[in-house]
Amino acid sequence: MASPAPVKKVLVPIAAGSEPVEATVPIDVLRRAGAHVTIAATGGLLVHAMYGVKIGADATVADCADASYDLVALPGGIPGAANLGDCAALESIVRRHALKGRLYAAICAAPPLALARWGLLNGLKATAHPAFVDEFPAEVAAVDANVVVDGKVVTARGPAMAMEFALALVEQLYGKDKVDQIAKPMLVRYEPGYTFKELNPIQWQCNGTPKVLIPLANANEEMEVITIIDALRRANAAVVVASAEDGVEIVARHNTRIVADVLLDAAADQQFDLIIVPGGMPGAKTLAGKEKLVALLKKQAEANRPYAAIGAATAQVLQPHGLLKGKKATTGTSMACLLADAGECENRVLVDGNLITSRGPGTAMEFAVAVVEKLMGSEAAREVAEGLLFV
């Protein structure tokens with residue numbers, strides 16, 4: 001019997017100001033593919049990424065200095081990409097890695113501010129966020145494309161391309177069949193932009209800055225969580241991330257450690273303009289058993305204030321507690337059979353009055369921007385979409 005193929009080892013370094021979507025989506029997708037991904041911080045293990053997202057790293061970059069990897073992938077973000085470029089220990093790791101002819105990658109501002117700065121894109125084609133393409137030196141052939149693969153180097157433009165970037169990395173490590181195996185259940189769509197179906201349209205009301213609650217439990221889907229937080233905070237919503245566990249750190253479905261702002265108990269007596277329940281199993285089931293969250297959701301629905309769910313949360317949290325009564329909703333393919341009415345489950349994002357639902361990780365960015373539009377208006381949604389390059 002043939003021995004199993006060795007596990008692919010991947011290093012994803014992060015720094016203060018890293019773009020959380022660009023970090024989390026590749027980590028999530030590569031772990032789905034079976035890679036052993038190490039999240040390495042340039043400083044302390046608690047990393048304050050952009051938009052107030054706090055991620056717990058597995059190790060420091062210095063801890064990884066003597067290790068060998070199949071792939072090193074750098075997220076962008078400002079000042080995150082520059083902070084990666086300033087990290088001498090990381091530069092040493094990536095230079096040694098490149099000399100061995102191994103795969104390395106970067107997205108957004110990281111291609112010019114880290115890889116090109118280190119001379120590791122010289123003579124190659126590469127892409128970057130449009131705001132940073134001019135930072136490439138003359139030795140780099142800048143290409144206007146979402147993702148560019150040139151030899152052993154993969155580069156990509158920005159947050160909306162994080163999924164395409166991640167799947168390109170999977171293809172380089174594992175082949176096209178693995179990409180298809182992962183992308184289909186995630187409901188991946190490569191085209192930018194968003195649409196949603198709306199039934200029983202109403203104007204969502206909020207006074208001033210919208211206050212949004214996102215409850216989290218262990219094994220919630222990190223791609224959904226981080227994308228939603230990122231988009232809403234880009235729109236300047238006041239997002240409260242509340243842990244339903246005993247402490248503020250939760251371990252998401254694919255082992256990303258996310259640090260919440262507060263415990264759920266601290267949010268239970270507050271009023272929110274919107275409550276969004278993330279999916280991922282068994283995280284969604286854990287949230288369904290939290291009496292204080294269920295009480296908040298029921299009060300929200302009774303007051304005709306907006307509430308939302310994505311992925312497994314629609315079937316596992318809203319349905320069992322009567323929060324879909326008289327409503328149409330969508331959910332992931334594997335959960336559709338649990339809905340009393342699954343007639344609208346082909347919709348990637350569905351709004352019914354004060355309820356918005358979506359299908360899963362591959363629809364998270366569409367869902368997040370649609371939430372911004374309903375809560376804050378089409379102009380705010382357009383600005384967020386442009387910032388994400390999701391247009």
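Here is a short conversation about how some features of this predicted model get their names.

Visitor: What should I know before we start?
Guide: This is a predicted model, so local features need pLDDT of at least 70 and side-chain atom pairs count only at pLDDT 80 or more, while totals for chains, interfaces and linings use all residues. Residues are numbered from 1 along each chain as its sequence is written, and side-chain values use heavy atoms, with hydrogens and water left out.

Visitor: Why is phenylalanine 272 called buried?
Guide: Buried means under 20% relative accessible area, exposed over 50%, and partly exposed in between (1.4 Å probe, protein chains only). Phenylalanine 272 has 1% relative accessibility, so it counts as buried.

Visitor: Which residues does phenylalanine 272 touch?
Guide: Contact means heavy atoms within 4.5 Å. Not counting residues up to four places away in sequence, phenylalanine 272 touches Lys211, Val212, Leu213, Val240, Ala267, Gln300 and Arg305. Phenylalanine 272 itself sits in the loop between α8 (264-267) and β18 (274-277); helices (H or I, at least four residues) and strands (E, at least two) are DSSP runs, numbered from the N terminus.

Visitor: How do you know that the span of helix α10 agrees with what is expected?
Guide: The expected span is 1.5 Å times one less than the number of residues. For the 12 residues of α10 (residues 291-302) that gives 16 Å, and the end C-alpha atoms are 16 Å apart, so the two agree.

Visitor: What makes the buried residues of α10 line one face?
Guide: Those buried residues are Leu293, Val294, Leu296, Leu297 and Gln300. The arc is taken from the directions from the helix axis to the C-beta atoms. Here the buried residues fall within an arc of 160°, so they line one face of the helix. The face turned away from them carries the exposed residues Glu291, Lys299 and Glu302.

Visitor: Why are β5 and β10 said to stand at the edges?
Guide: Two strands pair if DSSP finds at least two bridges between them. The open sheet has 7 strands in the order β5-β2-β1-β6-β7-β11-β10, with mixed pairing. β5 (59-60) and β10 (147-150) each have a single partner strand, so one side of each is left without a neighbour in the sheet.

Visitor: What makes β10 and β11 a pair?
Guide: β10 and strand β11 (residues 153-156) share 4 bridges in the antiparallel sense, and at least two are needed. In one of these bridges, valine 147 has alanine 156 as its partner.
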